[in-house]
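Please open the model in your viewer and keep the selection tool at hand, since each stop on this tour begins with something to select.

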Amino acid sequence: MIPHSRPFLDDEDYQSVLDVLKSGQLVQGEMVAAFEKAFCREMDLTGAGSASSHAVAVRSLGVAVSSGTAALHLTLLALGIGAGDEVIIPSYVCTALWHAIRYTGATPVLADIEGDTFNLSARDVLPRLTKNTKAIIVPHMFGQSADIDELLKLDIPIIEDCAQSLGSHYRGQTTGTFGVAAIFSFYATKVIAAGEGGMVVSRNRNLIDRVQDMRDYDEKETLATRFNYKLTDLQAALGMSQLKKLPVFIARRQDIARRYDHILREAGLPPPINNPDRDHSYFRYVFLLDSMDRFLEGMGRQRVVCRRPVFRPLHVYQEQPGFEVSNRVWRRAVSVPIYPGLTDEEVETVVSTMKKLLFKE
Ligand SMILES: *Cc1c(COP(=O)(O)O)cnc(C)c1O
């Protein structure tokens, strides 16, 4: 069977976790600090040749936490968001965003997406802005950046949700460096896997300090609300050793995507759009099919597990009318296996199975 996703783990990964186990320092110790630093270096938060890069080397602008959802929660709190505030998110996204906003007491406000990139539509956000709108969470869906320039023009603080876009760029600049803050996830199926895990990065030192303060409860001067959102050193060690492989991971995903693009074109279907001003890291390979159900079932019968990339849009849970693009995409989008752990042989199996089903259409 070819699963929909599978982490890529090698001897270096096993050894790095084993080293932490043997060290006896299991939680939020040196490895967590080292991971935060390495991650920020990867993100190039200060920009090349910036005068403040030395300061960053001393104090990291990233805070590692226990999950992407925890990262969102603490970022919203650090921005002072709470009851009475509104936060805009796309309807076509996983429910983690909804929950993180609800944890703070604020109200999630849903907006529609673009039909070609599956990302939040700035045009649809505009009429939904009110005097209570405090932030927009912008996920870069499936590994391709949202239209950041248009979203920044709305002049509302943007939290970039890079849970799916680690290593992808917009106009040559890393996603996660455009908003007031960005969050990442290291859940088992994400671009790099730590089992569970998350990160908040921001150039705003105050924001980072607040997130860091709320991440754990021990030895504080007051009883102000804090959380246990710590990352373990076991996870950080795995994250570190995975991070080293990031360029290889992305190159492999892009190679496989080229292969799938070719099949879709042959079948007369448009491959996933890859805007020339952004690179797609293909966290997911998603395309639209009128016969979605038949395709998912047919691939499954050949033991190639494909999925709907978003289980159910938020407006459907909420029974909110409208959201035509989210509806259209949700009823047609399929996601086929794409990850660095796929062998060449497995890629050929996916390709030949896709051919059988798509060329029959
Ligand atoms: C996975 C994901 C999250 C949540 O991350 P967890 O680590 O699972 O909490 C948030 N946003 C997006 C876009 C995701 O894909």
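Select Phe-227 and Tyr-229, and you will have two residues that are both buried in what is a predicted model. Turn the view until both rings can be seen: their centres lie 5.1 Å apart and their planes stand at 10°, and because planes under 30 degrees apart count as stacked, this pair is stacked.

Next, select Phe-39 together with Phe-184, where the ring centres are 4.8 Å apart but the planes meet at 75°, so that this pair is edge-to-face. If you trace the chain from one residue to the other, you will find that the pair links distant parts of it, with Phe-39 in helix H2 (residues 30–43) and Phe-184 in strand E8 (residues 181–185), 145 residues apart. Phe-39 and Phe-184 are both buried.

For a wider group of rings, select Tyr-260, Tyr-282, Tyr-285, Phe-287 and Phe-295, which ring pairs link into a cluster. The count of aromatic pairs comes to 13.

Finally, select helix H4 (residues 68–78) and helix H8 (residues 205–215), whose axes come within 9 Å and cross at roughly 125°, and which are therefore oblique to each other. The crossing in which H4 passes H8 is right-handed. To see the contact itself, show the side chains of Leu-74, Thr-75, Leu-77 and Ala-78 in H4, which meet Leu-207, Arg-210, Val-211, Met-214 and Arg-215 in H8. Coloured by class, this contact of H4 with H8 shows 6 nonpolar, 1 polar and 2 charged residues.

Notes. Residues are numbered from 1 along each chain as its sequence is written. This is a predicted model: local features need pLDDT of at least 70, side-chain atom pairs count only at pLDDT 80 or more; totals for chains, interfaces and linings use all residues. Side-chain values use heavy atoms; hydrogens and water are left out. Axes are lines fitted to C-alpha atoms, for helices over the stretch in contact, and angles run from 0 to 180 degrees between N-to-C directions. Helices (H or I, at least four residues) and strands (E, at least two) are DSSP runs, numbered from the N terminus. Angles under 35 degrees count as roughly parallel, over 145 as roughly antiparallel, 65 to 115 as roughly perpendicular and the rest as oblique. A crossing is left-handed if the near helix is turned anticlockwise from the far one by less than a right angle, and right-handed if clockwise. Contact means heavy atoms within 4.5 Å. Ala, Val, Leu, Ile, Met, Phe, Trp, Tyr, Cys and Pro count as nonpolar, Asp, Glu, Lys and Arg as charged, and the others, Gly among them, as polar. Rings of Phe, Tyr and Trp (its six-membered ring) pair if their centres lie within 6.5 Å; planes under 30 degrees apart count as stacked, over 60 as edge-to-face and the rest as tilted. Buried means under 20% relative accessible area, exposed over 50%, partly exposed in between (1.4 Å probe, protein chains only).
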